[in-house]
Every structure is written in structure tokens, then in C-alpha cells.
Amino acid sequence: MNIQEEVSSAIQQAVTALYQHEIGDVVLQPTKKEFEGTYTFVTFPLTKTLRQAPAQIGQAIGAWLVENTDVVRAFNVVQGFLNISIADAAWLKVLTNIAAKPAFGTFPSQNRDGKPKSVMVEFSSPNTNKPLHLGHLRNIFLGDSVSRILTANGYNVAKTCIVNDRGVHICKSMLAYQLFGEGETPESSGMKGDHLIGKYYVLFDKAYKAQVEEMVAAGTDKETAEKTAPLMQQVQQMLRMWEQNDPETLVLWNKLNGWVYAGFDATYRTIGITFDKIYYESQTYLLGKEIIEAGLQQGIFYRKDDNSVWIDLTEEGLDQKLVLRADGTSVYITQDLGTTELKYEDFGADRQIWVVGNEQDYHFNVLFSILRRLGRPYASELFHLSYGMVDLPTGKMMSREGTVVDADDLIQETIDAASAAADDAAKGKLDEFSEKEKTELFQMLGLGALKYYLLKVDPQKRMQFNPAESVDLHGNTGPYIK
RNA sequence: GCAUUCGUAGCUCAAUUGGAUAGAGCACCUGACUACGGAUCAGGAGGUUUGGGGUUCGAAUCCCUACGAGUGCACCA
């Protein structure tokens with residue numbers, strides 16, 4: 001029993017002894033620093049049942065505690081707050097206990113059948129058509145942090161990442177590379193693979209917009225122009241080829257994605273992030289259909305006349321939701337149902353956490369509701385760690401307007417700023433360090449600053465990113481606190 | 001329109017989840033140091049917690065309402 005529990009039960013005994021009254025659980029809170037004491041017991045709630053003024057109750061209980069226990073040394077009462085000071089002997093006991101436990105601060109693996117509880121945390125989840133940006137960094141640091149916290153709390157944590165490596169957006173980069181690439185490679189261009197592909201994604205968008213504008217100028221209305229522009233048709237064609245496993249398309253797809261992965265890996269390495277398992281959507285996007293079939297049999301889903309399959313979630317305050325198209329193909333939610341099941345099977349994960357932006361709040365509500373309806377054993381242990389977008393002082397980040405803050409650039413800038421500031425502050429004291437040691441030091445300082453800056457705001461809220469402040473070494477920043 | 005998240009000092013954020021006098025940093029003001037309109041140190045000012053109602057011993061926190069901002073409401077992912 002720890003001190004807090006001892007005091008709590010002592011208070012219960014005190015109330016019984018003094019007032020012949022049984023009270024429920026006693027909640028203690030740490031005493032505010034401007035008052036004497038360690039723990040505080042609030043007596044206001046007792047005034048009704050005990051029919052006495054709050055301060056009086058405090059006095060009575062406090063006196064009883066000093067008299068009858070050896071944990072409590074002294075007390076004082078301010079209105080309805082009973083501040084309790086703990087005896088030195090009791091602290092001594094706590095300290096010796098801590099000293100005897102080498103793993104103090106971490107909790108032992110806990111669980112029902114002796115095995116540690118396992119939890120899966122999914123984060124980062126990038127697309128393979130452009131490099132990581134500031135938003136990803138908030139996501140990644142959040143995911144990494146909860147993983148560490150859970151590990152310290154005795155969970156067996158599996159960090160996963162699901163890569164969105166297929167679809168129209170990927171085909172856009174692929175097509176642009178095919179048309180304008182002229183065999184350029186990361187080596188020949190000296191660019192990181194993910195940045196190189198990002199360049200072609202932007203190039204596609206430019207060429208496509210120009211084409212649409214041209215058509216509009218020639219008299220086509222905007223909507224049809226967007227749909228029928230030759231470049232868009234070529235992209236659709238490429239997607240069909242990919243789905244039919246066309247060898248040539250797959251070779252290109254593999255080559256470009258490979259460059260992007262190499263780029264991502266470099267970034268992850270710099271910031272010290274690793275994953276236990278990476279899922280690829282190209283391998284999971286067909287999952288989930290069996291679950292729908294099974295659910296149909298149980299009457300959880302229903303089929304409309306046009307053969308599409310739906311679920312009615314109006315009881316949960318949500319809408320009717322399509323889970324299978326009329327042609328039998330799956331949608332986003334179908335795929336997520338399948339992937340969740342797959343992750344459960346792969347890791348036996350009792351719990352799953354998704355670190356995903358708050359624009360997907362509704363999607364996860366629906367996903368969890370469906371899994372509950374299906375009676376999946378893990379359905380009550382799913383959590384969407386939702387976080388707000390990151391704004392710049394100039395406004396929102398927009399990839400179209402080119403106002404995104406690139407992750408690699410940002411990391412480099414932060415490290416540079418750290419090195420400049422550290423050099424300045426140390427005034428030559430760093431000379432005794434080797435170049436390698438210095439680089440490591442600056443990297444540590446810079447990344448620490450960046451992490452702290454992105455994590456100090458409540459995840460739920462939108463936050464504003466101020467480049468100058470993020471690399472500042474004073475004030476409420478990582479380096480200063482260190 | 002419906003759903004959902006949010007609104008705290010001039011700015012960016014806290015507040016141990018319903019507790020005591022709502023706290024930090026930046027910016028600002030005063031003083032010290034001084035070859036500086038810089039750096040550092042000491043101090044100060046700054047608030048009807050968006051407005052209004054309610055719940056209770058007690059509300060920034062819970063409920064209702066108005067206003068303001070973000071996001072979502074695809075047979076895209």
C-alpha cells in the first residue's frame with residue numbers, strides 16, 4: 001500500500017470513528033505549492049451528510065489522523081481544504097522501496113492471462129507521391145510519444161504504418177515522370193527520392209491545369225474539361241493498367257515507389273523513428289469483403305435493389321453508410337474493416353490506436369460502430385487519437401499554393417539554428433568536441449526543440465506553427481527546459 | 001442546413017480533468033549592468049476565461065442558448 005492509499009483509508013476510518021458514518025472512496029489531490037502539506041482532502045462534499053461546517057470537519061479529521069496514525073505528521077485547514085503533511089518516517093519507507101526497485105517509473109506488464117497487454121499504434125501513414133511535411137511531423141511525434149508512454153506502462157507496443165501506395169494520385173506522378181522524366185533518377189538529379197517524385201506530382205498538376213484552361217478557353221465548360229482532359233484520361237488508363245497487373249506499369253510503379261521509400265527511410269532515420277511493421281495499401285485494399293459477407297448473413301448489413309450493401313447507423317446518431325458498391329467493389333471503410341481485422345490477427349493486439357487528423361473523426365466513428373455491431377472482441381478497445389491541423393502564421397498550409405513546410409527542410413533548419421545558437425552560447429567551449437560529436441549534439445538539440453514545440457499543444461486543438469519561435473532557444477521551448 | 005471540435009493576457013499556449021488568489025513564454029514598461037536602440041539579470045503592468053442563462057458548497061472545465069472559427073457530411077482514399 002502506498003502513502004496515498006494509507007491516508008485515504010485512514011480518513012475513512014476517521015469519519016467512521018468521529019461521525020459514525022461510512023463514506024465511499026476518498027480522493028486526495030496534491031496540495032497547491034503555496035500551502036503547507038503534501039496531500040489535500042476536500043471536505044465540502046461532506047457538509048451535507050455530516051451536517052457540520054467544512055472547516056470544522058477538517059479540524060476534526062486532521063486531529064484524529066495525527067493522533068491515531070503514524071503516517072500523518074501535521075495538518076492545517078483552510079476553509080474546506082484539509083492539508084496533510086506526511087511523517088518523515090513514512091517518506092523514508094517510500095524511498096527505500098524505490099531504491100529496491102531498479103525499474104522504478106515503469107510499470108510491470110500487466111494483464112489477465114499473464115501475457116502483457118498488447119497495443120498497436122498506427123501513425124505517419126504517408127502517400128507515396130510526395131515528401132513528408134510539417135503535418136506528418138506532428139502526427140509522427142504524437143504516435144511515437146504515445147508508443148513510448150504505453151511501453152513505460154507495461155504494454156507490448158507494436159508501431160505500424162500504413163502506406164498509401166496506390167490510386168489516382170500515384171498514377172499522376174507516374175504519368176508525369178513517363179512524359180517529362182527523361183530517365184531522371186535520384187542519383188542523376190542529386191535529389192532525395194521522395195522529393196524527386198513530389199516534383200513530378202506538381203508537374204502533373206501544372207500541365208493538367210494548363211490543359212483544362214485551354215479547353216475552357218476553347219469553349220468547353222469547366223467540369224467536363226476537368227473530366228475529359230487527355231492527361232486525366234491517361235491517368236485513369238494507367239490506374240486500370242495497374243489494377244490489371246500490367247507488367248510495364250508495375251515496373252514503373254515499383255521503381256518510383258522504391259525511390260520514395262528510400263527518401264522516407266532517410267527522414268525517419270534522422271528523427272529516430274522506427275516501425276515494427278509497415279502495411280501497404282496495394283496489399284490490403286481488397287480486404288474486408290468477407291467481413292461484409294459474414295455480416296450480411298447475420299443481418300447486420302442489408303442489400304439494396306441495385307446490389308449495393310449498406311449499414312444503418314442512425315441509432316448511433318450516424319447515417320446510413322455504403323460498405324460495398326453495386327458492382328461488388330469495396331470502398332475506404334470496407335478496406336479499413338479488413339485492415340483492422342488483419343492487424344488483430346497479426347499481432348493479437350488487444351487495443352488499436354490510430355493517429356489520424358481530425359478531418360477523419362466521422363470515418364472512425366463509423367468504423368468503430370460497425371465493428372461493435374459485428375461484435376468483434378477488440379471493438380471496445382479502439383481509439384482514434386485525433387489531432388488538429390497545423391497552421392502557419394500566414395494561414396493554412398496548402399499544397400496547391402506551395403505553402404507547405406517540408407519536413408526535411410524544417411529539420412535541417414532547426415538543426416542549423418541549434419548549431420548557430422550553441423556555438424554562440426558556448427563561446428568556443430565546443431572546440432574540444434570532434435566534428436562528429438558536434439553534429440550529434442546539434443542534431444539532438446534541434447530535434448528536441450522541434451519535438452517539444454510540436455507536442456506542447458493539446459493534440460485536439462489546431463495549432464499555429466511559428467518558424468522563428470520553433471528554433472528559439474529561450475522561453476517555453478525544449479532547449480531552455482533541458 | 002445537419003454533425004462535430006474549438007473560443008482563456010496584445011500574440012502563442014497552460015491550468016493535475018469540478019477545487020484555494022486562472023499560470024508560463026514572447027511582446028510591452030521600469031530599473032541594474034554598459035562603448036550598443038543588442039545580450040543578461042531584477043521587478044512591473046496586463047483577465048468580467050466570446051456574450052447570456054442554468055446546475056452546486058465551488059465552474060475556464062458540466063448543461064442550455066446566441067455569436068465567431070475549423071473540420072466532416074462521395075458508390076475518393
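**Figure 1. Polar contacts between the protein and RNA strand B in a predicted model.** A polar side-chain atom of Gln335 lies 3.5 Å from a sugar or linking oxygen of RNA strand B. For Glu281, the corresponding distance from a polar side-chain atom to a sugar or linking oxygen of the strand is 2.6 Å. Gln464 takes part through its backbone, a polar atom of which is 2.8 Å from a phosphate oxygen of RNA strand B. A polar contact here is a pair of N or O atoms within 3.5 Å; within protein, one atom must be able to donate a hydrogen and the other to accept it, and residues adjacent in sequence count only if both atoms are side-chain atoms. In this predicted model, local features need pLDDT of at least 70 and side-chain atom pairs count only at pLDDT 80 or more, whereas totals for chains, interfaces and linings use all residues. Residues are numbered from 1 along each chain as its sequence is written, chains are lettered from A and ligands numbered from 1 in the order in which they are written, and side-chain values use heavy atoms, with hydrogens and water left out.

**Figure 2. The protein surface near RNA strand B.** A residue is near the strand if one of its heavy atoms lies within 4 Å of it. There are 36 such residues, of which Glu281, Arg325, Lys396, Asp458 and Arg462 come nearest. This surface comprises 14 nonpolar, 12 polar and 10 charged residues; Ala, Val, Leu, Ile, Met, Phe, Trp, Tyr, Cys and Pro count as nonpolar, Asp, Glu, Lys and Arg as charged, and the others, Gly among them, as polar. At least two residues each are supplied by strand 2 (39–42), strand 4 (81–86), helix 14 (332–347) and strand 14 (463–464). Helices (H or I, at least four residues) and strands (E, at least two) are DSSP runs, numbered from the N terminus. On the RNA side, sugar or phosphate accounts for 63% of the strand's atoms within 4 Å of the protein, and bases for the rest.

**Figure 3. The surroundings of Asp391.** Asp391 lies in strand 13 (residues 390–391) and is buried, with a relative accessible area of 16%. Buried means under 20% relative accessible area, exposed over 50%, and partly exposed in between (1.4 Å probe, protein chains only). The side chain of Asp391 makes a polar contact of 2.7 Å with that of Arg462. Beyond neighbours within four places in sequence, Asp391 is in contact (heavy atoms within 4.5 Å) with Lys396, Arg462, Met463, Gln464 and Phe465.

**Figure 4. The largest nonpolar core.** A nonpolar core is a set of buried Ala, Val, Leu, Ile, Met, Phe, Trp, Tyr and Cys residues joined through side-chain atoms within 4.5 Å. The largest has 67 residues, of which Leu134, Leu137, Ile140, Tyr268, Ile271, Leu454 and Phe465 touch the most other members. Helix 11 (residues 247–271) contributes the largest share, nine residues. Because domain 2 (118–391) and domain 3 (407–481) both give residues to this core, it lies between them; the domain bounds come from an automatic or database domain assignment. A second, separate core of 26 residues includes Leu296, Leu324, Tyr378 and Leu382.

**Figure 5. Two loop residues with positive phi, Ser125 and Asn245.** Ser125, in the loop between strand 5 (118–122) and helix 5 (134–152), has a phi near 40° and is partly exposed at 25% relative accessibility. Asn245, in the loop between helix 10 (230–243) and helix 11, has a phi of about 60° and is exposed at 54%.
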